[in-house]
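Let's walk through this structure together, from the arrangement of its chains down to single peptide bonds. Keep the viewer open as you read.

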2 protein chains.
Amino acid sequence: MNELRLPAAGEFALLKKNYLFTEVRRKTAAFLEENGGEVINLGVGDVAYPLPPAVTEALASASLEMGDNVRFKGYPPEGGYPFLRRAIVSYYEGLGVKIKEEEVFVGDGAKTDVSSFAEVFGRTEALVTDPVYPVYADSSVLLGNAVKFLRGNKSNGFLPPPPRGDDKPRIIYLCSPNNPSGGAYDRAGLKEWVDYALSTGSVIFFDAAYSAFAGEGIPRSVFETDGAKECCVEFCSFSKFAGFTNLRCSWVTVPEELKCRKTQVIALWRRRQSTKFNGVSYPVQRAAEAALSPEGRRECEKTVSIYKSNAERISAFLGSRGVWHCGGKNSPYIWLECPERLSSEEFFDGLLNNCRIVGTPGNGFGSAGEGFFRLSCFAREEVVAEALERLGDCPYFR
Amino acid sequence: MNELRLPAAGEFALLKKNYLFTEVRRKTAAFLEENGGEVINLGVGDVAYPLPPAVTEALASASLEMGDNVRFKGYPPEGGYPFLRRAIVSYYEGLGVKIKEEEVFVGDGAKTDVSSFAEVFGRTEALVTDPVYPVYADSSVLLGNAVKFLRGNKSNGFLPPPPRGDDKPRIIYLCSPNNPSGGAYDRAGLKEWVDYALSTGSVIFFDAAYSAFAGEGIPRSVFETDGAKECCVEFCSFSKFAGFTNLRCSWVTVPEELKCRKTQVIALWRRRQSTKFNGVSYPVQRAAEAALSPEGRRECEKTVSIYKSNAERISAFLGSRGVWHCGGKNSPYIWLECPERLSSEEFFDGLLNNCRIVGTPGNGFGSAGEGFFRLSCFAREEVVAEALERLGDCPYFR
């Protein structure tokens with residue numbers, strides 16, 4: 001048997017064997033294979049309600065255009081169709097933020113965007129809060145970047161502040177509202193990070209995938225903060241707001257002001273994208289435009305409010321049983337301390353076996369997540385009602 | 001004004017300022033801005049006919065499912081929906097090739113796939129034929145890989161054979177049928193490359209994006225060659241065959257047999273994709289499935305045959321004027337020697353100014369392409385008729 005004489009990229013050996021959610025899916029499938037029946041899935045943060053009517057209509061009607069001799073479209077324009085970039089610029093205007101169309105790059109998902117963007121910088125160190133969405137650290141490692149973790153805990157509300165007395169320039173990954181803890185930086189908290197980035201010459205990769213869940217006093221865009229345009233890139237997604245986990249549409253905002261040693265970051269990203277990416281389809285971009293229309297936004301917000309009310313109900317239940325938890329206010333996730341001092345994995349197994357409920361073990365989001373657990377509130381409301389019944393009977397919560 | 005203290009990735013400085021087709025689009029737009037009117041675009045290889053009815057119907061009907069409470073889908077499964085992976089396996093069966101469903105990874109475009117795959121290997125050298133699709137060299141450079149070019153020329157039909165007396169293991173990028181020259185390896189030519197890869201421990205990245213244009217005696221898959229499963233990865237696309245340049249759908253075939261020093265390449269790619277990619281939408285995968293159905297294939301082949309007949313007509317014209325050219329038989333591209341010993345760029349400007357026809361300068365595909373020029377035959381037949389009239393009157397071809 002022949003073998004390549006090329007080495008495998010050494011970075012893979014530094015990662016866990018499976019991506020976190022691949023592993024959650026694998027364990028769920030194994031459980032079902034062994035035990036049969038159904039489970040309630042509050043694990044992977046996948047939306048549960050269909051696309052709203054305005055969005056579906058835009059998607060289907062643009063799909064039909066693709067079969068028409070005159071209206072058919074070839075390669076999408078680099079960076080996105082002007083109609084969608086304009087809609088995104090208007091979205092920012094609604095937040096009081098001025099962004100130019102050319103600063104917006106439409107992509108096929110925040111995961112792709114956020115895991116690729118560091119390619120425009122030289123090898124450096126990533127600063128990653130812990131626990132957090134595993135893609136930041138995993139993709140940094142794959143790129144050959146060092147990773148420094150900043151531990152979240154109950155006393156800092158899983159929202160660690162910038163490290164003191166450390167002025168090393170880095171790529172700082174911030175996710176607010178946070179996945180998994182549900183914490184969210186207020187204006188002052190975000191200003192502290194922006195000032196820290198400015199003073200250290202760092203760049204912030206701001207993941208705003210959950211911005212639609214942000215309530216009163218929580219910025220939806222990092223660019224609501226003074227100085228952010230000189231040190232931040234923002235990643236946004238239609239996945240959680242408009243139910244696009246399947247359709248795949250996102251955007252990155254790269255301010256023209258952002259420079260590394262005289263080089264405009266936007267020029268590097270434009271070159272990277274034109275070389276390695278061919279854009280997002282016309283029907284999906286039309287669907288995204290519809291999600292940002294007044295009617296689409298009303299419809300999307302209706303669904304978001306169901307997810308938020310799911311979170312309130314789960315939070316109220318856990319509160320009534322004296323379980324420490326956070327999140328659920330500005331986010332679709334509940335982050336709870338595992339009962340009976342169980343490890344994250346033990347509780348995962350226990351909850352699955354006792355209640356047939358799948359969650360996500362907190363240690364999958366980083367070592368500071370050990371002993372904690374994430375419940376996703378992306379579920380139909382009747383499913384959450386059933387989950388609450390099962391949790392009510394669960395030996396862990398008596 | 002604040003500047004990041006991070007360096008820009010040094011690799012960008014090694015590339016031309018703009019990606020080739022960005023540059024072609026930019027020059028075309030500048031010409032139209034200055035001169036007004038219209039041009040005939042035979043530059044970027046973008047399809048000109050709409051999606052066939054079977055494909056459009058599948059796309060639109062799956063789009064409507066996304067608005068339905070029951071049929072709605074969330075995250076697509078990693079690697080692609082089973083229905084599409086099965087259809088791809090059947091496609092291979094039609095070529096006499098046995099591929100397993102798990103060896104097929106559905107992606108959002110061959111550009112994305114082929115520019116990412118080298119991430120699973122350690123830093124190495126890329127072997128790139130010249131002239132060729134610029135993404136191979138550009139993405140290798142961005143990844144930090146060295147690039148060795150293998151010069152094509154008139155005497156090797158722009159299909160260079162493996163280098164003799166050189167047993168260095170490398171990533172070998174092959175595109176057959178070739179973009180831009182239209183040359184295509186026959187069975188013997190491909191066998192020579194596979195044997196070379198096996199003997200040097202190299203991996204072949206086989207870009208089969210134009211396989212639908214391959215005629216008699218030209219393999220459509222590298223896996224038609226003995227031994228290929230131990231040294232090849234294959235990149236396929238729905239773009240040119242089924243008119244998906246807008247929709248974005250592709251696949252990569254990674255044989256389980258492919259190993260680098262005891263590590264299965266397929267396991268690395270799976271980890272890479274689950275970390276950095278979230279798949280292709282359900283409507284687009286349903287459309288791709290329809291393109292591979294018997295009805296869809298008949299419809300797609302009808303369009304392909306129009307592009308092929310465009311190529312025949314352009315080739316016949318050039319032949320009648322004694323212009324050296326190749327391609328157009330197994331490919332949608334004509335590769336011609338610039339008349340009057342003009343450079344590629346001079347001819348680009350001359351053709352644009354004299355005939356208002358946009359092509360692609362050959363030097364954009366590599367230095368061995370200097371003095372040559374690519375005409376794309378992806379155009380409506382009436383557009384090609386008009387182009388031929390203009391070429392007939394063109395001072396270069398008298």
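Helix axes here are lines fitted to C-alpha atoms, over the stretch in contact, and angles run from 0 to 180 degrees between N-to-C directions. This is a predicted model, in which local features need pLDDT of at least 70 and side-chain atom pairs count only at pLDDT 80 or more, while totals for chains, interfaces and linings use all residues. Residues are numbered from 1 along each chain as its sequence is written, and chains are lettered from A and ligands numbered from 1 in the order in which they are written.

Let's begin with the two chains. Two copies of a chain are related by a rotation about an axis and a shift along it. Here a rotation of 180° with 0.0 Å of shift superposes chain A on chain B, with an RMSD of 0.0 Å (a least-squares fit on the C-alpha atoms of residues with pLDDT of at least 70 in both copies). That is the relation of a two-fold axis. Within chain A, the residue closest to this axis is Ala60(A), whose C-alpha lies 2.5 Å away.

How many residues of chain A are in contact with chain B? The interface joins 75 residues of chain A to 74 residues of chain B, where contact means that the C-beta atoms, placed from the backbone, lie within 7 Å. Among the elements giving two or more residues to chain A's side are helices H2 (53-65), H8 (265-276) and H9 (282-292); helices and strands are DSSP runs of H or I with at least four residues and of E with at least two, numbered from the N terminus. H2(A) provides the largest share, 6 residues. By class, chain A's side holds 36 nonpolar, 23 polar and 16 charged residues (Ala, Val, Leu, Ile, Met, Phe, Trp, Tyr, Cys and Pro count as nonpolar, Asp, Glu, Lys and Arg as charged, and the others, Gly among them, as polar).

Inside chain A, an automatic or database domain assignment sets the bounds: domain 1 covers 11-51 + 297-397, and domain 2 covers 53-295. Their centres, taken over C-alpha atoms, are 25 Å apart. Domain 1 brings 36 residues to the contact and domain 2 brings 44. On the domain 1 side, H10 (294-320), E11 (325-327) and E12 (333-337) each give two or more residues, and H10(A) has the largest share with 7.

Now turn to chain B and its helix packing. The axes of H2(B) and H9(B) come within 8 Å and cross at roughly 155°, so the two helices are roughly antiparallel (over 145 degrees). Residues in this contact include Ala58(B) and Leu59(B) of H2(B), with Arg286(B) and Ala287(B) of H9(B). H2(B) also packs against H10(B) at about 125°, with the axes 8 Å apart. That makes this pair oblique, the class left for angles that are not under 35 (roughly parallel), over 145 or 65 to 115 (roughly perpendicular). Here Pro53(B), Ala54(B) and Val55(B) meet Glu295(B), Gly296(B) and Glu299(B).

Finally, look at the backbone. The peptide bond from Asn179(A) to Pro180(A) is cis, with omega near 20°, and Pro180(A) sits in the loop between E5 (171-175) and H6 (187-200). In chain B, the bond from Asn179(B) to Pro180(B) is cis, with omega near 20°. Lys262(A), although not a glycine, has a positive phi of about 75°.

Note on methods:
Contact = placed C-beta atoms within 7 Å.
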